Every structure is written in C-alpha cells, then in structure tokens.
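These are my notebook entries on a two-chain model. I record what I looked up, entry by entry, with the criteria that I applied.

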Amino acid sequence: MIKFHRPTIKINTAIHFFIHLLILALGIGLYGLRFDVVKISTLQWILLILTSSTSIVLTSSLRLSTKRVLVIFFLSFLVEVAILDTTFQRRILLLSFCLPLISFFRSKIWKAYKKIPNQFTPIKLIVLGNITTFIFLVHLPPFYGGIAGWEAAYKDPLVYLSGIKIYNKEGDSVWYSNGITSPLNFPYRLYFEHRYDSKKLETYIKLLFDIYKRSYKHLKSGFFPSQYLLKEFAYPGHNPYSIEPYNRFPPSQVTLMTFETIGFDLKSKKKKVHNIDWKYDLSTRSWEKRFN
Amino acid sequence: MISSLKTYLFEVKSIFSPISELRLHYIRIFICLFFVYKILSRDFSVFELFEKSNLSLYPKDMYPMDRAFYLFTPDFLTDLVTFHWIHWFVPIKNEAWINFAQYATVIFLILFAIVGPGPRRSFGVISISLIFYLWGFLWKNGQDIDAIFIPMQIVLLLAVSHPKNTSLLITSNYSRESKDGGVIIGSIVIIFVCYYFGSGLNKLIDVPVHRWFSYELSQEILRARVRSDLGYFVQAPKFFSFMTTVPWTDSILVPITYLSHLSMPLILVHRKWVVKASVFYISFHLMTWSIGILFFGMILMWLVFLPIDRLVFGKKFVI
C-alpha cells in the first residue's frame with residue numbers, strides 16, 4: 001500500500017516547482033513565437049500543468065522514498081505519451097515529469113558516492129551534470145546529442161540520389177562527396193539552411209569550391225583531406241564515402257556546380273526522375289534556378 | 001532479479017568496485033590515443049575558409065522545435081564552453097592558429113597518456129579544453145553528430161578526477177587495486193547509460209510505441225545498396241545484403257534496439273552486464289553501417305571496458 005503523507009513543501013520542491021513553471025512558460029512562449037504548425041489547445045496546456053503539478057505534489061507526499069515514485073511516473077508518462085499527438089507536446093511533458101526524478105536520482109547517486117572512500121567532488125559534478133543533461137533532454141553544450149527516433153515506411157518505388165555535382169569543361173560530372181569537407185560530416189545542412197537566400201547560397205557554393213581547390217592535392221591522388229597523414233588507415237567519416245575520379249576534375253577545369261536529385265526505379269535501376277534545383281556557372285557567376 | 005533491482009535502485013555501488021592500476025592506465029591511454037587518432041585524421045584548418053555566415057549555424061538551428069528541445073542552448077553558451085568566445089575578439093581566418101591548436105591538442109593528449117594529469121592537472125584540462133575548441137567549429141556549423149560525446153565526457157572525467165600520482169613514469173605495481181580507478185570506470189558506465197538511455201527516451205518521444213514496428217530496415221538496406229551500385233558517394237557494404245531477403249526481421253530488430261536503449265540503466269546493476277551491452281552495441285553500430293552510417297567512434301569506445309588486466313595477469317575473464 002502506498003502511504004501518503006501530508007505534502008511537505010521543502011525549498012527543493014519549491015525550486016523544482018519554479019523551474020517547472022519556467023519551462024512551461026518558455027515552452028508556451030516559444031510555441032507562440034516560432035511554432036504555429038502544431039495546435040495545442042488551452043485545455044491541453046491546463047492538463048499538462050495540472051499533471052505536472054500533481055507529479056510534484058505526489059513526489060513530495062511520498063517523500064521521494066520509494067520506488068513507487070518511479071513506477072507512478074513511468075506509467076503516467078507512458079499513458080500521456082500515448083495520448084499526446086505531437087512530439088512537441090511529448091517533449092514538454094517529459095521535461096515536466098523528469099524534474100522531480102532528478103532529485104530522486106541525485107540522492108541515490110550521491111549516497112553511492114558517499115560510501116566510497118577517497119571520494120572527490122568533481123566526479124559527483126560530472127555524474128550529476130550528465131544525469132541532469134540526459135533527463136532534461138536539453139543537450140547542454142558542449143554535449144549535444146539525442147539522435148531522433150527513426151521510422152521509415154517506403155511506398156515510393158524510386159530510390160533517390162541527391163546532392164551537389166561538379167562538371168568539367170567536357171561536360172562530365174561527379175558527385176561532390178561529404179568526405180571533401182571533413183571534418184564536417186554534413187555539409188548539406190548548411191545548404192538546406194541557405195538555399196532560399198541567393199547571396200548566402202552563393203557564399204556557400206564559393207566555400208565548397210574553395211575547399212575543393214584546397215583539397216585537390218589529396219583528391220587527385222585518390223585520398224580525402226582527412227587521409228592526408230594516415231592514408232587508408234585514417235579514421236573514417238560518419239558515412240562511408242567512396243572516392244570519385246576527381247583527378248579528371250582539376251579546379252581549373254571545373255565550370256559548373258549543380259544540385260541534382262535523380263530518381264531510379266528500384267528494380268530496373270532505370271532513371272525515372274532528374275531534377276536540377278540550380279546550376280551555378282563558376283566562370284560567369286550566373287544562376288539557373290528552379291526555385292526562387 | 002528482484003534483489004538486483006533493489007541493489008540498483010538503492011545502492012548503485014558494485015559498478016564502483018576497485019580495478020587494477022594497469023586497467024586505469026589502459027583507460028587513460030586508450031581514450032587519449034583515440035583522440036590522437038581522430039585528430040590526426042581530420043584537418044581543422046579548413047575552417048579558415050569559412051565566412052561568418054557559415055559559422056553561425058548552431059545545432060539548435062538545425063532542428064525544428066518539435067524534434068529537439070534546445071531551450072537551454074543559446075549561442076553564447078556554446079561559444080563560452082567551446083572557447084569560441086575568443087573569436088568575438090580575434091578573427092578565425094588564421095590557418096596557422098588552427099593548425100597550432102590541432103597539433104597542441106595531440107601533444108597534450110600524448111603527455112596526458114604518458115605522464116598522467118600533470119602539474120595541477122594541466123595536461124588533462126588543457127587537452128579537454130582544446131578538444132572542446134576544435135569541435136566547437138563543428139557545433140557552429142550545425143554538425144552535432146560525430147560519435148564524439150562519450151569520448152569527450154570520458155576525457156573530461158579523467159581530466160578532473162584521474163589520481164594525480166598515477167603515471168607511466170612512476171614505477172608501480174600494476175596489479176595493485178585502485179579505488180579511484182573503480183570510481184572512474186563506474187562513472188564511465190554511468191556516462192554510457194546516460195547517453196544510450198537518453199537516446200531511448202528520444203525514441204519514445206519521437207516515435208509512438210505502435211509505430212516502433214513500422215521501420216523498414218530491410219528496405220533501407222536495399223536502397224543503400226542500390227545507391228552504392230548506382231555510384232553514389234555514400235557507400236554501404238555488401239556484407240549486409242542478406243538482410244534484404246529477411247524483411248520479417250524488421251519488426252523484431254528495431255523494437256529490440258529501442259528497448260535496449262531504454263533498458264540501459266540495467267548495466268548499473270553489475271559490471272558483468274557491461275560485457276553483454278558491449279557485444280550488443282558493437283553489433284548494432286556495425287549494422288548501421290549497412291545503411292551508410294558508420295558510428296566508428298562508438299564501436300571503438302565500447303573497447304574502453306576491455307579487462308586488459310585480466311588478460312595480462314591471466315585471471316578469470318570478468319569485466
């Protein structure tokens with residue numbers, strides 16, 4: 001049987017409650033400012049605030065002294081996750097629910113460390129830092145993280161190859177591999193951020209071409225710049241890249257850069273779709289774009 | 001099982017049991033050499049080419065608000081902790097400076113590996129500060145995925161808590177038990193738990209449980225292979241092609257992975273669970289290679305738990 005006590009509002013609990021409201025307020029504020037796709041009703045917000053406040057009072061009632069707290073939180077979390085239909089809502093909810101748990105885990109870990117002779121404070125801080133980071137799920141820098149859940153159900157019979165290509169004077173083309181921009185693993189993140197701003201996009205293309213020119217001494221020998229020292233034994237990139245025949249594309253011969261998406265039939269491997277988002281002529285600095 | 005759970009909930013203790021000094025040396029040298037290897041396989045001076053507009057894209061800018069929740073990651077905080085606040089005053093466009101920072105990191109890591117923390121823990125602290133600085137360039141390009149957080153956290157842990165009197169230059173009995181080493185390895189286990197469990201929570205939030213079974217892994221592998229055959233620059237190895245013939249495994253392997261993330265705290269019960277987790281996760285990260293994603297750093301990182309002392313001293317193979 002769960003034995004309830006009269007809630008004792010300690011300073012700890014009060015601080016939690018304050019942070020809690022702050023997060024919710026920030027969440028609402030951000031929702032209002034940047035987030036108008038997902039509609040969260042007033043009733044849902046009231047429910048969120050009520051459930052999270054109840055969780056704090058419950059924690060206080062049970063004096064954080066039993067594993068039932070964990071069970072209650074976990075089960076309520078599962079139920080609410082099933083009810084709320086957007087990731088944004090679920091994330092807010094998790095933040096709210098996890099706040100009281102920090103106290104629980106902190107006391108457990110703290111006690112564990114206290115039992116060890118020659119304990120030292122920095123370790124405690126590191127561990128606590130980690131725990132608060134992962135529980136809050138806010139990814140405090142410099143430790144970002146949190147790979148999103150993945151789900152992919154394919155109905156499209158086409159498979160797409162997409163990215164930047166460079167063309168030489170003969171009209172031959174080759175993919176601009178992510179390996180060229182190492183240590184950047186995802187140069188396309190910059191592209192997707194800049195693609196609708198011609199000036200920024202031009203700066204971005206110039207940057208990619210400058211990197212290409214800089215790296216060419218390695219590329220023409222069949223190595224990426226990351227392999228400048230350790231050659232084939234170098235630490236690989238985040239994606240396993242293949243080296244393209246860049247020796248046929250010296251920077252002086254490169255005339256054009258494009259962003260292309262090519263769709264192939266999965267079975268026959270025949271080309272079905274070929275979209276070119278933009279062409280940028282490096283000599284005349286002129287554009288040809290599909291979108292503006 | 002119940003007693004183990006009780007132990008876990010109320011006495012997170014056994015993971016801190018002492019290890020030999022040899023093992024402590026191994027952990028320090030392993031993690032330092034990992035970073036030396038990674039840094040010598042990267043050319044950070046490429047960032048001298050970047051305009052300011054290409055160095056002001058922080059990880060929080062890369063995700064819509066419903067995918068990640070970066071309430072506490074204002075840009076200035078990233079600049080502060082990565083020491084990029086220096087560039088509020090000094091321009092980045094300086095190849096010599098970036099090269100200096102890169103090779104200084106390598107030197108301090110080697111010193112940390114051989115000498116230990118050094119005077120006033122300087123070798124460790126300077127090493128981790130320089131690592132933060134170098135990877136700061138990536139964070140400012142919205143590149144937060146590099147299989148680097150666990151290694152960074154371990155170096156930070158060692159930098160502030162490695163016993164000062166343990167060094168390869170000091171003759172000692174390598175089989176002697178080290179209580180500090182026990183605390184360090186226990187803390188490393190906690191770092192792994194936090195990382196993977198956090199990832200599990202993300203899965204729970206991002207993908208409702210009933211959709212855990214809808215991910216078509218075999219299709220993903222097939223498409224990655226077709227892209228490779230068609231000459232795409234991201235290559236997926238042929239080794240995993242057999243997976244495309246067993247699509248029924250999709251609804252088993254994916255939920256198992258999500259559940260394994262969520263059950264990671266169980267390895268805090270006893271260190272022997274770490275062995276099982278390391279086998280599972282090395283296999284898992286190898287499998288992600290089949291869809292063109294290689295978490296090479298994570299595969300190596302699990303080897304930090306290798307019981308090198310047991311191998312050297314010929315004792316029973318126990319983590």
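**Entry 1. Helix α2(B) against α5(B)**

I began with α2(B) and helix α5 (residues 122-139) of chain B, whose axes come within 13 Å and cross at roughly 35 degrees. Helices (H or I, at least four residues) and strands (E, at least two) are taken as DSSP runs and numbered from the N terminus. I took axes as lines fitted to C-alpha atoms, for helices over the stretch in contact, with angles from 0 to 180 degrees between N-to-C directions. I noted that α2(B) passes α5(B) in a left-handed crossing. A crossing is left-handed if the near helix is turned anticlockwise from the far one by less than a right angle, and right-handed if clockwise.

I then listed the residues of this contact (heavy atoms within 4.5 Å). B:Phe35, B:Lys38 and B:Ile39 of α2(B) face B:Ile131, B:Leu134 and B:Trp135 of α5(B). By class, I recorded five nonpolar, no polar and one charged residues in the contact of α2(B) with α5(B). For these classes, Ala, Val, Leu, Ile, Met, Phe, Trp, Tyr, Cys and Pro count as nonpolar, Asp, Glu, Lys and Arg as charged, and the others, Gly among them, as polar.

**Entry 2. Basis of the model**

I note that this is a predicted model, in which local features need pLDDT of at least 70 and side-chain atom pairs count only at pLDDT 80 or more, while totals for chains, interfaces and linings use all residues. Residues are numbered from 1 along each chain as its sequence is written, chains are lettered from A and ligands numbered from 1 in the order in which they are written, and side-chain values use heavy atoms, with hydrogens and water left out.

**Entry 3. Helix α2(B) against α7(B)**

I next examined helix α2 (residues 21-39) of chain B with helix α7 (residues 179-206) of chain B; their axes come within 9 Å and cross at roughly 45 degrees. That angle makes α2(B) oblique to α7(B). Here, angles under 35 degrees count as roughly parallel, over 145 as roughly antiparallel, 65 to 115 as roughly perpendicular and the rest as oblique. I found the crossing of α2(B) and α7(B) to be left-handed.

On the α2(B) side I listed B:Arg23, B:Leu24 and B:Ile27, which meet B:Gly181, B:Ile184, B:Ile185 and B:Ile188 in α7(B). The contact of α2(B) with α7(B) comprises five nonpolar, one polar and one charged residues.

**Entry 4. Helix α2(B) against α6(B)**

I looked up helix α6 (residues 149-161) of chain B, which packs with α2(B) at an angle of about 130 degrees, the axes being 10 Å apart. This makes α2(B) oblique to α6(B). The crossing of α2(B) and α6(B) is left-handed.

From α2(B), I recorded B:Ile27, B:Arg28, B:Ile31, B:Phe34 and B:Phe35, which meet B:Pro151, B:Met152, B:Ile154, B:Val155 and B:Leu158 in α6(B). The class count for α2(B) with α6(B) is nine nonpolar, no polar and one charged residues.

**Entry 5. Loop residues**

I checked B:Thr249 in the loop between α8 (217-229) and α9 (250-262) of chain B. Is B:Thr249 buried or exposed? Its relative accessible area is 11%, so B:Thr249 is buried. Buried means under 20% relative accessible area, exposed over 50%, and partly exposed in between (1.4 Å probe, protein chains only). B:Thr249 and B:Leu217 are 32 residues apart in sequence, yet 8.3 Å apart in space, C-alpha to C-alpha.

For backbone geometry, I kept in mind that most residues other than glycine have a negative phi, and most peptide bonds are trans. A:Lys231 has a positive phi near 50 degrees; it lies in the loop between α7 (198-219) and β3 (254-265) of chain A. A:Lys231 counts as partly exposed at 31% relative accessibility. B:Arg121 has a positive phi near 60 degrees and sits in the loop between α4 (95-115) and α5 of chain B. A cis peptide bond joins A:Ser182 and A:Pro183, with omega about 15 degrees. I located A:Pro183 in the loop between β2 (173-175) and α6 (187-194) of chain A.

**Entry 6. Chain totals**

For chain A, I noted seven helices and five strands, and 51% of its 292 residues are buried. For chain B, I noted twelve helices and two strands, and 59% of its 319 residues are buried.
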